[in-house]
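Trainee: Could you take a close look at the backbone for me, and walk me through the spots where its torsions stand out?

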Amino acid sequence: MADPAPAPLARVVLGVTGGIAAYKAAELARLFVKAGVAVDVVMTEAATRFVTPTTFQALTGRPVATDLWASGASNAMDHIAISRGADGIVVAPASADFLAKLAHGRADDLLSTLCLARECPLLVAPAMNVQMWSNAATRRNVAQLAANGVAILGPASGDQACGEIGDGRMLEAQDILDAVVASRVPKVLAGKRVLLTAGPTFEAIDPVRGITNTSSGKMGFALARAAAEAGADVTLVAGPTALATPAGVDRVDVVSAAEMADAVLARVDRSHVFVAVAAVADYRPAQVHAQKVKKKPEPMTIALEPTVDILATVAARAKAPFCVGFAAESQDVVKLGEEKRRRKKLAMLVANRAQDAMGADDNEVTILDDRGAHALPRMDKLALARRLVGEIAARLPKR
Ligand code: CTP
């Protein structure tokens, strides 16, 4: 099985070109350092008009290179030496001018020369005015760079420093770091469409009250992220949660179990894999009051009716995708999990203790399949998600 964890990142070259987003590159340098990555910053002359080399030197604890003609420790070979042994060159921000230069293979300053002479991957995070980004010349340059195998990160859309609004904002530093890590994950789910459910559901009693549970959605969102990192086309059907949508994931927000079932059933036919992580309510109020229910002195009873079992419904279809369930059990985790797996006819079920898993940042699970029970060590939910993606990929039918 290919290891679905990202290849380790030991050292990157961070290229900074001239643009107001250069101030965000300082935060990116800090995040790399915090993640244990050595950062060699190379600035263009224009970049130094926005942020000083001293800022980056202080953040990275390493010298900052700006000059093609400085004969440093490498006997005037800095233009080649700096990128040797690096895990990648990340240019953030990448100005319109720098993208043009890269697209044409020009090498007239230290950073462009390093990019041309590199052996490692090159990732660029464009940052520019919306008109510059949409200009035909930039479109052509970006298409050329993508065709040359350069990874284009973003840009995002929104308010710009110039006062205009639109595409061209540099991605936030954390998003760039996440994208660099994602680029190093083996693409074990390339070409696969993965559908997931995550989070709780909310079953209304009246306009302001309802029945829900303590699911945070973290495990399902981590799995959606890990599947996208592994190259899958991912759709995430999410119950009510405040979590941010992972990069590259198509999100469908729903509230109730019935809405979640509709959203899943509308998309399941085109999916290769269905992973049901949501804590779907098993019952909902039989009657939803149109107006707020008023308080009365006597005890109150709410009649409940069962909801549809989304996972069992999908798994029972004639052409079912590869179905993965989760089982939250408060006792006899493996025994009850295996009974659930057989009852719902699942190829794979991830069993855990409900009291440990719900809302926590880490989890300890046992994978159940036709060959038996496979216990995994406790790990944080993203590491676990990446591991589970590898386990799913290894179990998929070969064709
Ligand atoms: N599930 C579902 N639709 C439901 C209930 C559960 O798709 N209406 C899925 C969950 O997403 C999970 C699996 O079924 O992948 C098992 O959920 P769990 O709550 O552990 O089990 P239940 O089937 O609800 O059984 P019980 O509550 O009796 O343990």
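**Backbone oddities**

Mentor: Pro93 sits in strand β3, which covers residues 88-94. Keep in mind that this is a predicted model. The peptide bond leading into that proline, from Ala92 to Pro93, is cis, and its omega is near -5 degrees. As background, most peptide bonds are trans, and most residues other than glycine have a negative phi.

There's another cis bond to look at, from Gly154 to Pro155, with omega near 0 degrees. Pro155 belongs to the loop between β5 (151-152) and β6 (156-159).

Now for phi. Asp332 isn't a glycine, yet its phi is positive, at about 45 degrees. You'll find Asp332 in the loop between β16 (322-329) and α12 (333-344). As for its surroundings, Asp332 has a relative accessible area of 47%, so it counts as partly exposed; the cut-off for exposed is over 50%.

On to Lys345, another residue other than glycine with a positive phi, this one near 60 degrees. Lys345 lies in the loop between α12 and β17, the strand at 348-353. With a relative accessible area of 64%, Lys345 is exposed.

So if you're scrolling through the torsions, stop at the cis bond from Ala92 to Pro93, then at the one from Gly154 to Pro155. After that, check the positive phi of Asp332 and that of Lys345.

Notes:
Residues are numbered from 1 along each chain as its sequence is written. This is a predicted model: local features need pLDDT of at least 70, side-chain atom pairs count only at pLDDT 80 or more; totals for chains, interfaces and linings use all residues. Side-chain values use heavy atoms; hydrogens and water are left out. Helices (H or I, at least four residues) and strands (E, at least two) are DSSP runs, numbered from the N terminus. Buried means under 20% relative accessible area, exposed over 50%, partly exposed in between (1.4 Å probe, protein chains only).
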